[in-house]
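Me: I've got a model open on my screen and I'd like some help reading it. Could you take me through one part of it properly, without hurrying?

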Amino acid sequence: MSCHGPAAPRPAGATMTATVLLLGNPNVGKSTLFNALTGARQEVRNAPGTTVEVHEGQWVGPGVRLFDVPGTYSLLARSPDEQVAVDVLAGAGADAADVVVVLLDAAALPRSLYLLGQVAQAGRPVVAALTMCDVAAAAGATVDPGQLQKVLGVPVVATDPRRRDGLAALAAAVTAALRAPA
């Protein structure tokens, strides 16, 4: 599903049945995380509208199909690329996601939490991936993933996909969510 043509083909030999969706605000690191988890080389830029189609890859760790969609600030789409993200979450044109990984920008947490709240109300199992912790720290802010997890009631994993930090912990949280969805 895409604003600009069909989605990327499924990797050859993929037999996974579980699906995981990466969802978050624009420029929160979804494509960078997708590349780190799948080994893909999808273009990554800090520019609105960079990802305007759905990318699918194989995430070997938990053995799932992983989808990267355009960034959105809410589930009330205001542009065609945001509508793609909302449609994929709803399961339109593809399998419904078994788990949604919502990326939270530590440097702009309130904006990210709005989307997380909407996704949680949609009834899908959710894991939060906290990104941009280095950017937040440079601005003098720190976000404690453990405390955030207690407050939100969903697993929160700090990740830095550029350095490949937190990827194993994210895989473990997704695997746990797949085994015992809330």
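To set the scene, what percentage of the 182 residues of the protein count as buried? After that, please zoom in on β4: which of its residues point one way, and which the other?

Reply: Bear in mind that this is a predicted model. Of its 182 residues, 47% count as buried. The chain makes six helices and six strands, and reading from the N terminus the elements go β-α-β-β-α-β-α-β-α-α-β-α. Among contacts with a separation of 6 or more, 68% are between residues 24 or more positions apart.

Now for β4, which covers residues 99–105. This strand is mostly covered, with seven of its seven residues buried. V99, V101, L103 and D105 point one way, while V100, V102 and L104 point the other. In a regular strand, side chains alternate between the two faces of the sheet. Here the residues pointing each way are buried, D105 included.

Next, the strands that pair with it. β1 runs parallel to β4, and five bridges connect the two; V20 sits opposite V99 in that pairing. β5 is parallel to β4 as well, joined to it by six bridges, and D105 faces T131 there. If you trace the chain from β4 through α3 into β5, you follow a right-handed β-α-β unit.

L104 is a good residue to click on. In the largest nonpolar core, which has 27 residues, L23, L104 and V119 touch the most other members. β1, α2, β4, α3 and β5 each give two or more residues to this core, and α2 supplies the largest share, five residues. As a general point, nonpolar side chains tend to be buried together in soluble globular proteins. Setting aside sequence neighbours within four places, the contacts of L104 include L109, S112, L113 and L116, along with A128, A129, L130 and T131. V28, L148 and L152 are on the list too. At the other end of the strand, V99 is part of a second, separate core of 23 residues, which also includes L66, V157 and A171.

For contrast, look at the loop between β6 and α6, where you'll find P161. P161 counts as buried because its relative accessibility is 10%, and the cut-off is under 20%. Its C-alpha atom is 7.8 Å from that of G29, although the two residues are 132 apart along the chain. Leaving out residues up to four places away, P161 touches G29, T32, L33, A36 and L167.

That loop also holds R163, which forms a salt bridge with D134 (3.9 Å, N to O). The two are 29 residues apart, D134 being in helix α4. D134 is partly exposed at 32%, and R163 is exposed at 54%. R163 has a salt bridge to D160 as well, at 2.5 Å from N to O, and D160 is buried at 12%. Shared partners tie D134, D160, R162 and R163 into one network.

Compare that with R65 and E56, whose salt bridge has its closest N and O atoms 3.8 Å apart. In this pair R65 is buried at 3% and E56 is buried at 13%. The structure holds five salt bridges.

Notes: Residues numbered from 1 in each chain as written. Predicted model: local features only at pLDDT ≥ 70, side-chain atom pairs only at ≥ 80, totals over all residues. Heavy atoms only, no water. Core = buried A, V, L, I, M, F, W, Y, C linked by side-chain atoms within 4.5 Å. Buried < 20%, exposed > 50% of the residue type's maximum accessible area, 1.4 Å probe, protein only. Helix = DSSP H or I, 4+ residues; strand = E, 2+ residues; numbered from the N terminus. Contact = heavy atoms within 4.5 Å. Pairing = 2+ DSSP bridges. Right-handed = clockwise from strand over helix to strand, strands pointing away. Salt bridge = Lys/Arg side-chain N within 4 Å of Asp/Glu carboxyl O.
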